[in-house]
Structures are given as structure tokens and as C-alpha cells.
Amino acid sequence: MDLNQYLSMFLDEANDHLQALNDNMMELENQPEDVSIVQVIFRSAHTLKGMSATMGFEDLASLTHEMENVLDLVRNHQLSMDDFIFDTLFKSLDSLEAMVEDIANGGEGKAEIKSIVESLQSIVKGEHNKEQPAESQETTAASSHDERLDEFQLSIIEQSIEAGMQAAYMKVTLREDCVLKAARAYMVFQALGEQGEIVKSTPPAHEIEQEQFEQTFSIYAVTTQTLEEIQKAAEQVSEVDSVVLQPLTADNIKDWNKLLQAATASKEEVAAAAAPAIEKKADDARVTETPAKPSETKKKPTGGAAAQGKGQQHRTIRVDIDRLDVLMNLLSELLIDRVRLEDLATELKSNTLTETVEHLVRVSGDLQSIVLKLRMVPIDTVFNRFPRMVRDLAKSLDKKVDFQISGADTELDRTVIDEIGDPLVHLLRNAIDHGQESTAERIEAGKLETGTVHLRAYQSGNHVFIEIEDDGKGINRDNVLKKAIKNGMLTEDQAKLLSDEQVYMLLFGSGFSTAEQVSDISGRGVGLDVVRSKIASLGGEVVVKSTLGKGTTFIVQLPLTLSILSAMLFRLGDEKYAIPLTSIVETGLVTKKDIRNIHGGIRMINYRDSVIPLVSLSAIFECPSYTDVDEEETEIIIIRKGERLAAIAVDDFIGQNEIVLKPLGSYLGTVQGISGATILGDGQVALIIDPNTLIQS
Amino acid sequence: MSEEMKIVVFKLAHEEYGIEVDKVKTIERMMPITRVPKTYNFIKGVINLRGVVVPVMELSGRFGLSQETYTDQTRIIIVQVGEMEIGFIVDSANDVIDILEDKIEPAPEVVGGIQARYLRGVAKISEERLLILLNLSEVLRKDEIVNLEQLEV
């Protein structure tokens, strides 16, 4: 079977599962007693193992297998989580991630996993913590506990033998390349069921149905036929590799459990030395009850967790982003025609045409909102890997960090999401390494030992803001200036003139780092300038606020990059412009006498208990055919950027419309105050104003 | 052996210029241009070219030549260099000719007021007909614009 065609699917799913594992591990670390989380982790690990084995990535499969063994003990309350187990599992996740990445880059997903596997195995054997000898005993007991018969089953077999029937213990091994294991196993059950009765199977039937077994499962069966016949019946099922049959007689049945235990123990020793990937999954088969007689305690968590798993699952398909781009372009063409049709319908005043156009407007409106949503991804997909990173970082720096995320459901265009991860990692590392003081310093400063790092995302107007706030020592203006002067970035005279914000922006200069010591995490001076250029390349910007001794906040502003937006069209003389509705607070009128002139020619107006600047767009754009200065009454649009407001003076409102954002062409690149252009219904081009640049003072 | 090239011929301030035909996307009649504020003064604005917004440059303004008034002969030549698409406003464009590559001679310092680095060369078509070939990538280079404007003021 050619597996290459499944590779990208495998990678996508593997990454999803790794993410889920990471998330749930973090959650488990907070509530180590919650077995339902372990169940979820177990399932992810198990699926990952199955996928990897199918694709032939044996190192991946064997490592997940060992993790599964540990998790299995935990979910059965035979092992309780401790720091060592968490660290080992996190390490395993890291090497799993490395292997998946290697596969993504065309490698074979091989890695040196021996030491991790050994640590995992030592956990299973209970050797990692000598203070828990009781547990270790329990563990060995548990792993051999699996195939034993309980009294009820024993008595059934004994009675069957007394009644002259044949009884046997069968080990059925499926071929390694078997695709539908559950189906084959079912056929074996079916074949045996025709010949007699199955007393017990390991793993139990419902787990087998869900393919929760390796190549091998075992069955206790009684039959009226001869043993050879039932063996033949089982072997006839295709893709069955072998059927090992052990007759049960009145003699050996009494001591059966003891025999089995001895056999399993010796087998385990062999298995530990052999490649774990093909090792029979002894632990998975630890359930003692028959499917016919399920114990309440066992059944409950399984059922509950399964229901939970279903709730979390999103039914999705993966689509090439290029196709979405094509869809978007087609839609924008359609919208231009729609506006034209609307104009035509108003001109022609034909009822049927108007009705049809109205329907078209509604349908295309719905279509548009769906296409838009397709491209939007919650920023959670970036944020969700941060808790783990912060945890590791805080641990390696020996700091205590309370990491809080809010606004993870804020949505951003997919293209921005793909790029924003690295800059945010830089900023977070910066906050924890440079921003937050060491624990000793914090105590000395009278602060809580645990520092808090907030990661916030929210939308404002056409932009998404991401804030990284720490409550650390803040930026020391003098230190920054000293360093900048030393590096020759500016002179002492210049330094005196800079505002605090300008000083903080020096941090983003290339080759600048204020950390006294270069550490592993940051301080090589390559961080922040890269962050700024990356964010700038996404059309965003980053600013810093800081209070010495209280903390620092980095604010990253990113465009939503919506290519279709609702906008207000207005006129300046004979020129038409559009402004995105999302940044408009309201529109209104001011009379000349309400405009106050502040020194330096800045004009301000009163707006709801505050005074806001009045921006003359016609002056900024050097409009040849209109100026608002002499108007008795001026139409104004109140716009907002974050918390700041401003009014812009316009000539006349045209109305609200859906417009398609088009770039101005690569020759012009970015023009100050303008975010792009759109084509109006009459075929003319109108420029779209970027309100955010107008508010910047 | 020298290769034959197809050249679009256009007129600008009474001189004849040429651009390789494979760089030219279309030639359009004059159409409404939306002014773009806060950009170079030789950029007339942007046009709607069948759904795509394309910037338009006044080529005479780019070279600091005197500006002609638009007539019904005025054309916008849409050229494409790499990913970049831009329109040139020219006085007229009505010919495509073949010339041999070895007929192109290096341009003297200044031809018709345009500096040599913007020119690929000069081709003599007949005794009284000179064709000035533009070096498009130099014409569209933006980092030199500031210097250029300073020189020509």
C-alpha cells in the first residue's frame, strides 16, 4: 500500500493530537487527580500510536506506546502523577514533536528515544520512586492480572468441561498489515460463536470493536465441536496470522490463573528487551470482566469520557488556502457586479428585476459572510502552545509565573495567524526572562513571589490588538539610554530630548539587548528588532508601555486583513473615499462656532464630555476641489482607535456599502493614510482610508 | 546572428520611444483616474483595469519633461515587470515594429532630456527616425526617485 498520499493527513492529525496532548497535560498538571483528563490524553496517545504504526513510523509508535503504558496505570488509579512523571511525559511529547517535524521535513521520524523509553518503563515498573514500593508491586500484579479468569468464568468453563464440551484458550494474531482489525476480530468472534460460546476475551469485546488492541487478542471459548475445528474456523478468517490454541482441561483449569501469571511474567522480561512496537499490549488488556458482565466502576469512566470526546470533536475538512483565495477573488468580482445590478434595477424600475436583484443581494450577502468566516481562525491556534512554553521557561529560569490568556477566541485572517506565532514567542520570552524579576528580587521588592504575565487579544475596529503584560521590573529609561549611547545609536544630547515612548522604541533597534547577562532564552540582541520587522511586514506595529517597578506592556497591533468590508462612502469635493464601518463610532454635524482653535492651529471639538481633535482630511490629502476650513457646517465622522477618538471632517456622505479591498498595486506599496482601494458600482476607483493612521498624533 | 525584437512604439514630447512588446500587457484609451494623495507627483492615480486597481504614472513627469495636455490620442500603456503592474500615460501609441538587436546602440548621456541609465539604447530605424528604448526596470526603481527629483529641481 502506498502511504505517501496519506502523509499530509497523517501530519495534520498528528499535530492536532500532539497539541491536544500538550493542552491536556497542562490541564492535568493543574488537577492531577482528574482521571477524566487522563482518559482524554490516553485516547490521543493511543490514536497517535495507531496512526504512526500504520504509517510505519516505529519510533513514534513505540514511544507513544510507552507513554500509554504509564497513562494506563494512572487512569486505573494504580499510579498517581508526580513531578517526575510529568517531566518525563512532557519530554516524550517534545521528542514526539521533533519526530513529527522531522517527518514533515521529509525525514523518517527516527530519533534517539531510548533514554526516554527507559524512564517511562521505569515509571511503569515503579522504579522511578523507591519510596513507593507498594505501588511497584501493584504494578507488576496489574500487568499480569489481565487474562486471568474470575470465579464466575472459571465455573462456567469447569461446568462446560464436566458437561463433555471442549474448552480452550486461544491467542489470535492478526497480520501486521491488516487494515480493518476490528472487522477481522469480529469475524473471528462470529466464526467461534457458530461453533460454541465465547466465555471471555481480552481485551473485552467493546474495546476490540474500537480497534483498541494491537495485533493480538485472546479468547476463552467452549465448544461442542473438537478443538481442531474451532482452531480451523478461526484460522479461516482472512488476514489472521496465527491462532495458538491451548486446551483447557479439568486438570489445568484449577491452576490456570497461576500458570498464566507465570507465563506473562516471563514474557514481560522478553518483551522489555524486544522492540516495544510489536510488543503485545499487555496492559491494555487488563480488564478482568467479560463484556457480558461489565462492572459498574469500569464502564462509567469509559462511557463518560467517550461522550466528552465526541463533544470536543469538530467535523472539519482541510482545504488548500489557495483555493480559498480563488474563491475570495471570484466573490469580490461577483460583489462588484451585484452593486452594478442594484444600480441598474433602480434605474429601470422594473419590479421583477428589483425582486430578483434583492434576492441576489441577500444570497450573496450570506455567501460573503461565510467565505469571510472560512478564512478567519481563532487566535487560540497560536495561543494554545504558549502555556506549555511558559511553563518550561519559568521552570528553567526558576521563576514562578502565573500565565493568563484572555480573548483567545479573537479571530484573525489565516495568513496573519501563520506568521504571528514567532514574534509572540519572542515577546513572551522577553517578558519572562527580562521583564519579570527573579524570585528573590520580587520578595525584596515586596511583590508576590509569583509573577503574572497576561496575554490578551481583542479586536478594535479593523485591527486586532495583542497585549503582553508583565508585572516585573519595568524598563529602566536610564539603562536603555546608557546602552544606546554606548552602542553609538545616539548622542547624550539627543538622549535628553527623547520621550519615554521613544526611549522604549530604542529596544527595537538592531543589536540591542539590555539584559546584563546573555542567557539561553534571550539577550543575544537579535530578538526585538526581528519582532518589529516581522510585525511590520504583516502591516502591524508594536508599541511599549512601561512603569518602572510595576511592569511592562507590549502592544501588538495587527490588521484583520479582511478583503471585503462594510464601509461608509463619502465625498471630498469630486473625489470619493471609503472608510471602514468598524472604526466609525458615529457621524454628525458641527458648526463653525463649535470648533475651538488650540495653539498651533490644532482644532478641537466637544464630544460627549470630552474634547477630541478635528482632523481635516482635505488638508491632509491636499484635496484640490474641497476644503472644510471655511464651511459653516461640517459633516464629521467620529472614528476610534483603541480608546482614542477623533473627528474627521468630510464634504458629504454618500452611504453605506459593501466594498472589496484591493491593493493599490505593488508600485505604490503603502501610502500614508490609505489602506487600499475599491471599485465602485460605476466602475470608478475609490480610496479606502486607514483611520488608525489619522489618529496617531 | 542577432535576434529580432518586437517593440511597441509610443510618442512622448515629440520623441519616439519603445518598450519590448512582451513587457506590455495592454494599451488603453484614457479613462477616469482616481487621484492618490501623498505619493510621488508623477503618479497620476489609480485606474480600474477590468477589476484590478492599477497605478498610473505620467511618464513625462517621471522624466521631468514638459507635461502635455491629454488628447484623444493619449494612451495608457499597461506594462508588467515581474509582479509589478503599472500604466504609463503617453501622448500616443500606434505602432509595433521589428528591430534587430544589434541595431540598438548605447544611449548617449542625455537623449530628449532623459538620462542614459533609464535607456536601454537608441535604434536608428531610418535616416530621420530614432527610436529610444526604455530600460523598464530602471524606470520603475523607486530608491532613485528621491535623488532624481533633487537633480531635476
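This is a short chat about a predicted model with chains A and B.

Visitor: How many helices and strands are in chain B?
Guide: Chain B has three helices and 13 strands.

Visitor: And what share of chain B is buried?
Guide: Of its 153 residues, 33% are buried.

Visitor: What about contacts within chain B that join residues at least 24 apart?
Guide: They make up 51% of the contacts between residues at least 6 apart in sequence.

Visitor: How many residues of each chain are in contact with the other?
Guide: On chain A there are 22, in contact with 20 residues of chain B.

Visitor: Which elements of chain A give two or more residues to that side?
Guide: They are α13 (321-348), β21 (674-679) and β22 (685-689) of chain A. The largest share comes from β22(A), with three residues.

Visitor: What is the make-up of that side by class?
Guide: The side of chain A that touches chain B has 12 nonpolar, six polar and four charged residues.

Visitor: Moving to the cores, which residues touch the most other members of the largest one?
Guide: In that nonpolar core of 79 residues, they are A:Ala578, A:Ile648, B:Val46 and B:Ile77.

Visitor: What does B:Val46 touch?
Guide: Leaving out residues up to four places away in sequence, B:Val46 touches A:Leu664, A:Gly665, A:Ala677 and A:Val685 from chain A. Its contacts in chain B include B:Thr34, B:Val36 and B:Val53.

Visitor: Which residues are in the second core?
Guide: That separate core has 38 residues, among them A:Ala394, A:Ala431, A:Ile475 and A:Leu538.

Visitor: Different topic: how many residues does α7 of chain A have, and what is its reach?
Guide: Helix α7 (residues 151-162) has 12 residues and reaches 16 Å from first C-alpha to last, close to the expected 16 Å.

Visitor: What comes just after α7(A)?
Guide: There A:Gly164 takes a positive phi of about 90°.

Technical notes:
Residues are numbered from 1 along each chain as its sequence is written. Chains are lettered from A and ligands numbered from 1 in the order in which they are written. This is a predicted model: local features need pLDDT of at least 70, side-chain atom pairs count only at pLDDT 80 or more; totals for chains, interfaces and linings use all residues. Helices (H or I, at least four residues) and strands (E, at least two) are DSSP runs, numbered from the N terminus. A residue is buried if 20 or more other C-beta atoms lie within 10 Å of its own, exposed if 12 or fewer, and partly exposed in between; C-beta atoms are placed from the backbone. Two residues are in contact if their C-beta atoms, placed from the backbone, lie within 7 Å. Ala, Val, Leu, Ile, Met, Phe, Trp, Tyr, Cys and Pro count as nonpolar, Asp, Glu, Lys and Arg as charged, and the others, Gly among them, as polar. The expected span of a helix is 1.5 Å times one less than its number of residues. A nonpolar core is a set of buried Ala, Val, Leu, Ile, Met, Phe, Trp, Tyr and Cys residues joined through C-beta atoms within 7 Å.
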